Amino acid sequence: MDARKVYIVLFVVHIMGHSNLAKPCSDSGCRSVKMPLVSDNLKAPLLAELDVSMINQQLKEYIDDSINVTFIDRFHDVVEEKQESLKSKVSEIYKRLASMSVWNGKLSKQFLEMSRPCEKGWIKFGIHCYYIGPDTKTWDDSVTDCQRKGSYLVKVEDASENLWLQTVMIANNIDILRIGAHDIHHEGTWRWISDNSAVGYTNWGGGQPDDAGANEDCAELWKAASYRWNDRPCSYLMRYICEK
Ligand SMILES: [Ca+2]
Ligand SMILES: [Ca+2]
């Protein structure tokens, strides 16, 4: 090869080195990447465009579904918990309402009884009516008289009733007032004649009951004991008070 031919070959190589083949890919010049995929039967290779956006979409849907399922399950659990809690609270409220209704019924009945006037000659205190025997009688006669009136010799159940009886004594100038407590059947065991129940509340005077002379089995309120209780022979004649 002579010198002229060598220069021509070098020139051509130089031109090719600066052609479009060596230029970087511009936006307009780029094409989708095509990847060869293989069909099932392996006979015909396929060219399919690898669609990344579709895969992203499927992935997103999968994640969304997974989140939805998880969220719905949790939501379901929370709703169930709340429902159970509400059911329990409603049940509790119904129970309270029922007990309030019963209580209200009792209160209404008590209010009616308190507001109901006593018969002529009887005095009202709380929900009961009282009759002060005008004459003095023995225990047996007092008990009988109260029973004949559809009542019983007074049963003093608490301090307020006891205090009221003391005021009745003072107001009516009564020195000794018989009440319905006795230990006739068993010395020292005090019971109410009205229902044979054990005597709970007491207001014995100092040193009482002393069963003086081994013959004191009937109780009274006694002015000399500051209107507190004393035991005395049941045969003693004294004022008495009936209750119903
Ligand atoms: Ca006695
Ligand atoms: Ca006594």
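**A walk through the predicted model**

Helix α2, which spans residues 52–115, is where F75 is found, and this residue makes a convenient starting point in what is a predicted model. F75 also belongs to a nonpolar patch on the surface, of about 840 Å², which is made together with L59, Y62, I63, I67, F71, I72 and V79.

From that helix the view can widen to the protein as a whole, whose secondary structure comes to four helices and 10 strands. Followed along the sequence, these elements come in the order α-β-β-α-β-β-α-β-α-β-β-β-β-β. The protein has 244 residues, and 25% of them are buried, while the area it exposes is about 17700 Å², with 59% of that supplied by carbon and sulfur atoms. Where contacts join residues at least 6 apart in sequence, 61% of them are between residues at least 24 apart.

The interior comes next. In soluble globular proteins, nonpolar side chains tend to be buried together. Here the largest nonpolar core holds 21 residues, and the members that touch the most others are V154, V156, L165, I179, W192, W229 and I241. At least two residues of this core come from each of β4 (128–132), α4 (159–171), β6 and β8, and α4 gives the most, with four residues. One of the core members, I179, shows how such a residue is surrounded: apart from its neighbours within four places in sequence, I179 is in contact with W139, L153, V154, V156, L165, W192, A219, E220, L221 and W229. There is also a second core, separate from this one, which has 11 residues and includes V143, C146, C234 and C242.

The last stop is the calcium ion (ligand 1), whose protein donors lie 2.1 to 3.0 Å from it and are D183 (OD), D183 (OD), E187 (OE), E187 (OE), D211 (OD), E216 (O) and D217 (OD). Along the sequence, the donor residues of this ion follow the spacing D-x3-E-x23-D-x4-E-D. Two of them, E187 and D217, link distant parts of the chain, since they stand 30 residues apart, with E187 in the loop between β6 (176–182) and β7 (191–192) and D217 in the loop between β7 and β8 (218–222).

Is each of these two donors buried or partly exposed? E187 has a relative accessible area of 44% and is therefore partly exposed, whereas D217, at 16% relative accessibility, counts as buried, because buried means under 20% relative accessible area.

Definitions and conventions:
Residues are numbered from 1 along each chain as its sequence is written. Chains are lettered from A and ligands numbered from 1 in the order in which they are written. This is a predicted model: local features need pLDDT of at least 70, side-chain atom pairs count only at pLDDT 80 or more; totals for chains, interfaces and linings use all residues. Side-chain values use heavy atoms; hydrogens and water are left out. Donors are N, O and S atoms within 2.8 Å of the metal (3.2 Å for Na, K and Ca); water is not among the atoms, so sites may look incomplete. Buried means under 20% relative accessible area, exposed over 50%, partly exposed in between (1.4 Å probe, protein chains only). Contact means heavy atoms within 4.5 Å. Accessible areas come from the Shrake-Rupley method with a 1.4 Å probe; for residues, only the protein chains shown count as cover. A nonpolar core is a set of buried Ala, Val, Leu, Ile, Met, Phe, Trp, Tyr and Cys residues joined through side-chain atoms within 4.5 Å. Patches are made of residues with over 30% relative accessible area and no salt bridge: like charges are joined within 9 Å, nonpolar side chains (Val, Leu, Ile, Met, Phe, Trp, Tyr) within 5 Å. A salt bridge is a side-chain nitrogen of Lys or Arg within 4 Å of a carboxyl oxygen of Asp or Glu.
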